[in-house]
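User: Hi! I have a structure open on my screen and would like to talk through its pockets and its charged residues. Could you walk me through them?

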Amino acid sequence: MGEATTFRARVRTPGAVRDAGPVIALVRFWTQGWRFHGRASRSEFFWPMAVELLVVAVFVGLPVWMGTPWRWDAYADPFGIVPSPSVHFSLFGDPARGGEFGYGEGPRVAPNPWDVVVLLGLAVTAVPRWSLLVRRLHDRDHTGLWVLLLVLTGPLGWLVVSGMVCSRPRARGARFDRTLWDAYKPTARLPAG
């Protein structure tokens, strides 16, 4: 099948879009963020990561530049450039009663409005970043279960999955373009026998 040429076709294709520009890559990031089947090319993967780097640098660095105490760190992994709190945000509940919900490690603090924006940004982009990584692994003909390396092995898994993400695509990755529902579509019937 030939490469899609129109903007809409390039955004909606289930396969990887080679040489995707930043606009197509970002539109696919947001419109296909809940889709764990299909593939994502290297450009589809790295354009959202570059934009995320700029956004995180602004949202984490700007408050420090304005004189607010340092409350956020940022780290990079195959999931993206992720801000991480250097304090524990008490989001709701009462820590004195033991019924508190919070996020982060370190001294307990109440989040200011800027922190809430960063936390909401993390929550909104978590699943799209995860699905983008899975689709990038599919382009390399690997299942999304390789993501577990990041969770279970730490730095070793980070290196392995980063190598996979940066590598060239494999033609057999097209098998991941099928969706779960494709198995239920009528196809040519096999003869009874």
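User: What volume does the largest pocket have?

Analyst: Happy to help, and please keep in mind that this is a predicted model. The residues closest to the centre of the largest pocket, out of 18 that line it, are E52, V55, V56, G121 and T125. The space in this largest pocket comes to about 330 Å³.

User: Which element supplies the largest share of the lining of that pocket?

Analyst: At least two lining residues come from each of α2 (22–31), α3 (42–65), β2 (80–85) and α4 (113–139). By class, the lining holds 14 nonpolar, 2 polar and 2 charged residues. The largest share is 7 residues, and the element that gives them is α3.

User: How many cavities of 30 Å³ or more are there, and what is the volume of the largest cavity?

Analyst: The count is 1 cavity of 30 Å³ or more. Its lining includes V60, P63, W70, W72 and W114. The volume of the largest cavity is about 60 Å³.

User: Which element gives the most residues to the lining of the largest cavity?

Analyst: Two or more lining residues come from each of α3 and α4. Sorted by class, the lining has 7 nonpolar, 2 polar and 2 charged residues. With 3 residues, the element that gives the most is α3.

User: Now the charges. Which residue forms a salt bridge with R28, and which helices does the pair tie together?

Analyst: The whole structure has 7 salt bridges. In one of them, R28 pairs with E44, with the closest N and O atoms 2.4 Å apart. Both R28 and E44 are buried. R28 sits in α2 and E44 in α3, so this pair connects parts 16 residues apart in sequence, and the helices tied together are α2 and α3.

User: R135 also caught my eye. How far away is the nearest side chain of opposite charge?

Analyst: R135 is part of helix α4. Among the residues it touches, leaving out those up to four places away in sequence, are R28, R35, R39 and E44. R135 is buried but has no salt bridge, as a salt bridge needs the nitrogen and oxygen within 4 Å. The nearest side chain of opposite charge is E44, and the distance is 4.4 Å.

User: Are R136 and D139 buried or exposed?

Analyst: The two side chains meet in a salt bridge, 2.7 Å from N to O. R136 and D139 are both in helix α4, 3 residues apart, which is about one turn of the helix. The cut-off for buried is under 20% relative accessible area. R136 has 0%, so it qualifies, and D139, also with 0% relative accessibility, is likewise buried.

User: Which residues are linked with R136 and D139 in a network of salt bridges?

Analyst: R136 and D139 pair with each other in a salt bridge. They also belong to a network of salt bridges, where the residues linked with them are R18 and R39.

User: One more pair: which of D141 and R172 is buried, and which is exposed?

Analyst: D141 and R172 form a salt bridge, with their closest N and O atoms 3.3 Å apart. This pair links distant parts of the chain, 31 residues apart: D141 is in the loop between α4 and α5 (148–153), and R172 is in the segment after α6 (155–166). With a relative accessible area of 15%, D141 is buried. At 56% relative accessibility, the exposed one is R172.

Note on methods. Residues numbered from 1 in each chain as written. Predicted model: local features only at pLDDT ≥ 70, side-chain atom pairs only at ≥ 80, totals over all residues. Heavy atoms only, no water. 1 Å grid on protein atoms, 1.4 Å probe; cavity = no way out; pocket = protein on both sides within 12 Å on 5 of 7 lines; lining within 4 Å. Points joined across faces, edges and corners; volume = space filled by probe spheres on them. Helix = DSSP H or I, 4+ residues; strand = E, 2+ residues; numbered from the N terminus. Nonpolar A, V, L, I, M, F, W, Y, C, P; charged D, E, K, R; others polar. Buried < 20%, exposed > 50% of the residue type's maximum accessible area, 1.4 Å probe, protein only. Lys, Arg positive; Asp, Glu negative; His and termini not counted. Contact = heavy atoms within 4.5 Å.
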